[in-house]
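Please open the model in your viewer and keep the selection panel at hand, since this tour moves from one selection to the next.

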Amino acid sequence: MTPRLSLFVLRRAAASILLVLAVASAAHLLAGLAPGDHLSEFEMTPGQLQAERHRMGRDRPLHQRYADWLQHAVRLDLGESARYPGRTVSSLIGERIGNSLRLGALALMLATGLGIPLGVLAGTDRRRPHLVAARAVNIVLLSLPPVVLSLALLFVAARTGWFPVGGLPPGGGADSLRYFVLPVLALGLPVAAALERLQSRSIAQALRHPSVLAARARGIPERRLVWGHAFKMSLTPVLAIYGVVIGTLISGSFVVEYVMTWPGLGRLMYDALIARDANVVAGCAATGAACLAGGVFISDVLLAAVDPRRGDLA
């Protein structure tokens, strides 16, 4: 690794850490500013309510609670949950992150396996009827909000009975794979549509590059020209956003997990928001931001290694 590339990696790592801290801090402060708390769900006398809030530190000013949280957070101690007494935020996230990671990984495989090949085919020959139909479907997928697509998939599953309509059975096993189908489709199909559009434009530009035109003039077969030359050149724009795609999918989608009642980070964060559990909200936000920052960091480092000129970026 060259000194310039090493400095670039250090800058990107520092920026990623600051991003995670900023997102977690904002989530903690916003949750703390929300009126009420989880104690309002219980039947208590005013004296008991006041005593319990004092024990939990809820009666302290917000800036003091934030300063105390920040001192522990920089040591990777996310504190305890208010909604789940005796449970640490790290243990709650540890129980849910595996479900979000598996869901995001499968959605990423679906998006890549569909979007990239279809993009190459669409960029090389836009006149094929089935590709025109595929582009029309892509426009619909890009236009639909995630909640609408999720509800539409749930409606089809409920009417046909082909797949479970939500949740995840305890214990896992082979039968649990059926429960992944709907949330994976809801997460992966819009990303596949976005990748297809980007890849099709990128491959069309690569086919007009002088080196590719020269290779075509030398009589290289079209299939080899597309997949052996133009395809490699077209991957740079895709890789530039691939890190964001990875981070977004791995961290989980708040809307999809809520609609599908998926026991992941999105559902945990929603329950924490309802309960005004600031520590869990901040922990979930930090985990999601870490996944996003990690994906962007990996993408930037790979692009910098391929193209050393990117090492000059701040």
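The stops below cover two helix pairs and one loop residue in what is a predicted model.

Begin by selecting residues 146–160, which form helix α6, together with residues 177–207, which form helix α7. The axes of these two helices come within 10 Å and cross at roughly 140 degrees, and α6 and α7 are therefore oblique to each other, an angle having to be over 145 degrees to count as roughly antiparallel. If you follow α6 where it passes α7, the crossing is right-handed.

Next, show the side chains at this contact: L149, S150, L153, L154 and A157 on the α6 side meet L182, L185, A186 and P190 on the α7 side. By class, the residues of this contact of α6 with α7 comprise eight nonpolar, one polar and no charged.

Keep α7 selected and add α4, residues 89–124. Here the axes of α4 and α7 come within 6 Å and cross at roughly 30 degrees, again in a crossing that is right-handed. The contact of α4 with α7 involves 22 nonpolar, eight polar and two charged residues.

Finally, select L78, which lies in the loop between α3 (62–73) and α4. Is L78 buried or exposed? Its relative accessibility is 17%, and L78 therefore counts as buried, the cut-off being under 20%. Leaving aside residues up to four places away in sequence, L78 touches W69, V89, S90, I93, N279 and G283. To end, draw a distance between the C-alpha atoms of L78 and T88, which are 10 residues apart along the chain and separated by 7.5 Å.

How values were computed. Residues numbered from 1 in each chain as written. Predicted model: local features only at pLDDT ≥ 70, side-chain atom pairs only at ≥ 80, totals over all residues. Heavy atoms only, no water. Axes fitted to C-alpha atoms, helices over the stretch in contact; angles between N-to-C directions. Helix = DSSP H or I, 4+ residues; strand = E, 2+ residues; numbered from the N terminus. Parallel < 35°, antiparallel > 145°, perpendicular 65-115°, else oblique. Left-handed = near helix turned anticlockwise from the far one by under 90°. Contact = heavy atoms within 4.5 Å. Nonpolar A, V, L, I, M, F, W, Y, C, P; charged D, E, K, R; others polar. Buried < 20%, exposed > 50% of the residue type's maximum accessible area, 1.4 Å probe, protein only.
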